[in-house]
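Student: Please take a close look at the aromatic side chains in this model and at the helices that carry them. Keep it to one connected account.

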Amino acid sequence: MTPKPVFIQSLRTIQLTLAMLWLYQGLIPKILFQSPAEISIWQNMGFELALAKILVGLFGGCEILFGLCFLKWNRSIFLHGLNIIGLAGLLLLIAFTAPLQLTAAFNPVVMNTAMLMLSVVAIQRILQEEQEVLKQ
């Protein structure tokens, strides 16, 4: 028996949402319009302005590649685990390097928690599908 269409559609929606969010986060505030907040995080870690701008761009590229992974590997528990760990780590990094960002509207707590929970739900859905396959 194949997975139910609702399962496939909900997982596809999660994958596309995470891919779009990572692509946006990498492209808009890091590559096209380097956010002063992004640059200041690197400067707070001791990097000079020029190097901080380069690092923001490089990490933007990494985020774009990570977003593309969600389009390629649509049932990867490992990828979602990386997403959970990475987002939690990024949230801690912000808390230590730029804690005032946590008080702004649409702050990293909101975005990271939402994206992290999408991966939690995706893992639950993938495991549910695997259990249904094993029951057959």
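Tutor: A helix here is a DSSP run of H or I at least four residues long, and helices are numbered from the N terminus. In that sense T17 is found in helix α1. Everything below refers to a predicted model.

First, the setting. The protein chain has 5 helices and 0 strands, and its pattern along the sequence reads α-α-α-α-α. Its C-alpha atoms fill a box of roughly 60 × 25 × 20 Å along the principal axes. Of the 136 residues in the chain, 31% count as buried.

Now the aromatic residues. Searching the whole structure gives 4 aromatic pairs. In one of them, W22 and F66, the ring centres are 5.2 Å apart and the planes stand at 90 degrees; planes over 60 degrees apart count as edge-to-face, so this pair is edge-to-face. The two residues come from distant parts of the chain: W22 belongs to helix α1 (residues 5-32) and F66 to helix α3 (residues 49-72), with their positions 44 residues apart. W22 and F66 are both buried. Together with F70, these residues make up one aromatic cluster.

Another pair, W42 and F59, has a centre-to-centre distance of 5.0 Å and 45 degrees between the planes, which makes the pair tilted. Because W42 sits in helix α2 (residues 36-44) and F59 in helix α3, the pair ties together parts that are 17 residues apart in sequence. How accessible are W42 and F59? W42 has a relative accessible area of 14%, below the 20% cut-off, so W42 is buried. F59 has a relative accessible area of 41%, which lies between 20% and 50%, so F59 is partly exposed.

The W42 and F59 pair leads to the packing of the helices that hold these residues. Two packed helices are described by the angle between their axes and the distance between the axes. For α2 and α3, the angle is about 120 degrees and the axes are 9 Å apart. That angle lies outside the range of 65 to 115 degrees used for roughly perpendicular and is not over 145 degrees, so α2 is oblique to α3. The crossing of α2 past α3 is right-handed.

Just ahead of these helices comes a loop residue. S35 lies in the loop between α1 and α2. Its relative accessible area is 19%, under the 20% cut-off, so S35 is buried. The S35 side chain reaches the backbone nitrogen of A37 at a distance of 3.2 Å.

Back in helix α1, T17 has 25% relative accessibility, which is not under 20%, so T17 counts as partly exposed. T17 and F106 are 89 residues apart along the chain, and their C-alpha atoms are separated by 17 Å.

Helix α4 completes the account. It covers residues 77-97, which is 21 residues, and spans 30 Å from its first C-alpha to its last, close to the 30 Å expected at 1.5 Å a residue. The buried residues of α4 are L79, H80, G81, N83, L87, I94 and T97.

Note on methods: Residues numbered from 1 in each chain as written. Predicted model: local features only at pLDDT ≥ 70, side-chain atom pairs only at ≥ 80, totals over all residues. Heavy atoms only, no water. Phe/Tyr/Trp six-rings, centres within 6.5 Å; stacked < 30°, edge-to-face > 60°. Buried < 20%, exposed > 50% of the residue type's maximum accessible area, 1.4 Å probe, protein only. Expected span 1.5 Å × (residues − 1). Polar contact = N/O pair within 3.5 Å; in protein donor to acceptor, adjacent residues only side chain to side chain. Axes fitted to C-alpha atoms, helices over the stretch in contact; angles between N-to-C directions. Parallel < 35°, antiparallel > 145°, perpendicular 65-115°, else oblique. Left-handed = near helix turned anticlockwise from the far one by under 90°.
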